[in-house]
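Work through these exercises with the model open. Try each task before you read its solution.

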Amino acid sequence: MTDDDRGPDARSTEIASGAGVPPWFAASLNFCSRCGGPLNFGFVDGENRERLACSNCGFVAYVNPRLVVSTIPVTDDGRVVLLRRGIEPGKGWWAQPGGFLEVDETVTEAAIRETFEETGLVVKPGEIIGLYTRLEAAVVVLAFEAQVLSGEFRTNPEALEIEAFAPEDIPWPKIAFSTTMWALRDWVSRRRPDLSYVMST
């Protein structure tokens with residue numbers, strides 16, 4: 001399969017597709033959630049790839065990526081709000097606010113909640129800038145452009161520092177994640193296409 005066949009969201013990962021469940025993820029899945037029996041990795045009848053399955057009851061434990069919902073908060077004067085992460089992964093590096101979607105909320109609600117929790121800002125999510133895959137972390141990241149409506153920067157254990165950057169001042173060498181890099185590049189290419197040099201950094 002060529003890079004073109006993987007889609008634009010493959011830009012954000014260097015891991016090859018089709019490698020199955022990441023070992024670190026599989027190591028946390030030891031027992032069947034149905035009967036408590038041991039899970040074993042291997043081929044299962046009716047499946048076209050190896051799966052984790054219970055040796056007692058035959059239950060197949062499908063392993064799916066988690067959804068991270070994030071925003072690119074934009075101030076009235078066109079600056080982008082980023083936070084310097086206070087926790088791993090990416091501690092000390094810059095990223096957009098975001099986090100895991102809860103089972104009882106919409107992606108829009110998650111975007112608003114996560115942005116407020118991590119920055120103190122109330123935002124209105126708008127256009128979806130992109131959808132990005134991080135196979136190494138078993139996540140898919142959804143990035144909204146979001147209008148900052150109110151609030152004040154509020155640091156917390158997850159955000160050591162919060163700053164609004166002009167597009168030309170985004171700290172590219174200090175960005176935490178490939179997904180953040182691609183989301184910011186996609187946003188800049190739409191909103192400030194004059195900054196073409198950004199795409200080659």
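**Exercise 1. The whole chain**

What share of the contacts in the protein with a separation of 6 or more comes from residues 24 or more positions apart? Then describe the overall make-up of the protein.

Solution. Begin with the ground rules. This is a predicted model, in which local features need pLDDT of at least 70, side-chain atom pairs count only at pLDDT 80 or more, and totals for chains, interfaces and linings use all residues. Numbering starts from 1 along each chain as its sequence is written, and side-chain values use heavy atoms, with hydrogens and water left out.

Step 1. A contact means heavy atoms within 4.5 Å. Residues 24 or more positions apart supply 61% of the contacts with a separation of 6 or more.

Step 2. Count the elements. The protein has 4 helices and 10 strands. These are DSSP runs numbered from the N terminus: H or I of at least four residues for helices, E of at least two for strands. Their order along the sequence is α-α-β-β-β-β-β-β-β-α-β-β-β-α.

Step 3. Take the dimensions. The C-alpha trace spans about 60 × 35 × 30 Å along its principal axes.

Step 4. Check burial. Of the 201 residues, 42% count as buried. Buried means under 20% relative accessible area, exposed over 50%, and partly exposed in between (1.4 Å probe, protein chains only).

**Exercise 2. An open sheet**

In what order do the 3 strands of the open sheet lie? Find its edges.

Solution. Step 1. The order is 1-2-3, with antiparallel pairing. Two strands pair if DSSP finds at least two bridges between them.

Step 2. Strand 1 (39-43) and strand 3 (60-61) are the edge strands, since each pairs on one side only.

Step 3. Look at one pairing. Strand 1 and strand 2 (residues 50-54) run antiparallel and are joined by 5 bridges. F41 stands opposite L52 in strand 2.

**Exercise 3. N156 in its loop**

Is N156 buried or exposed? Trace what its side chain reaches.

Solution. Step 1. Locate N156: the loop between strand 9 (139-151) and strand 10 (159-165).

Step 2. N156 counts as buried because its relative accessibility is 18%.

Step 3. List the contacts. Not counting residues up to four places away in sequence, N156 touches E117, E118 and T119.

Step 4. Follow the polar atoms. A polar atom of the N156 side chain lies 3.0 Å from the backbone oxygen of E118. The side chain of N156 also reaches the backbone nitrogen of E158, at 2.8 Å.

**Exercise 4. E136 and P22**

Which residues is E136 in contact with, leaving aside its neighbours within four places in sequence? Then place P22.

Solution. Step 1. E136 sits in the loop between strand 8 (121-134) and strand 9. At 33% relative accessibility, E136 counts as partly exposed.

Step 2. The contacts of E136 are S12, T13, I15, W24 and S178. A polar contact of 2.7 Å joins the side chains of E136 and T13. Such a contact is a pair of N or O atoms within 3.5 Å; within protein, one must be able to donate a hydrogen and the other to accept it, and residues adjacent in sequence count only if both atoms are side-chain atoms.

Step 3. Now turn to P22, in the loop between helix 1 (3-6) and helix 2 (23-26). P22 counts as buried because its relative accessibility is 18%.

Step 4. Compare positions along the chain with positions in space. P22 and A137 are 115 residues apart along the chain, and their C-alpha atoms are separated by 8.4 Å. E136 and F59 are 77 residues apart, with C-alpha atoms separated by 26 Å.
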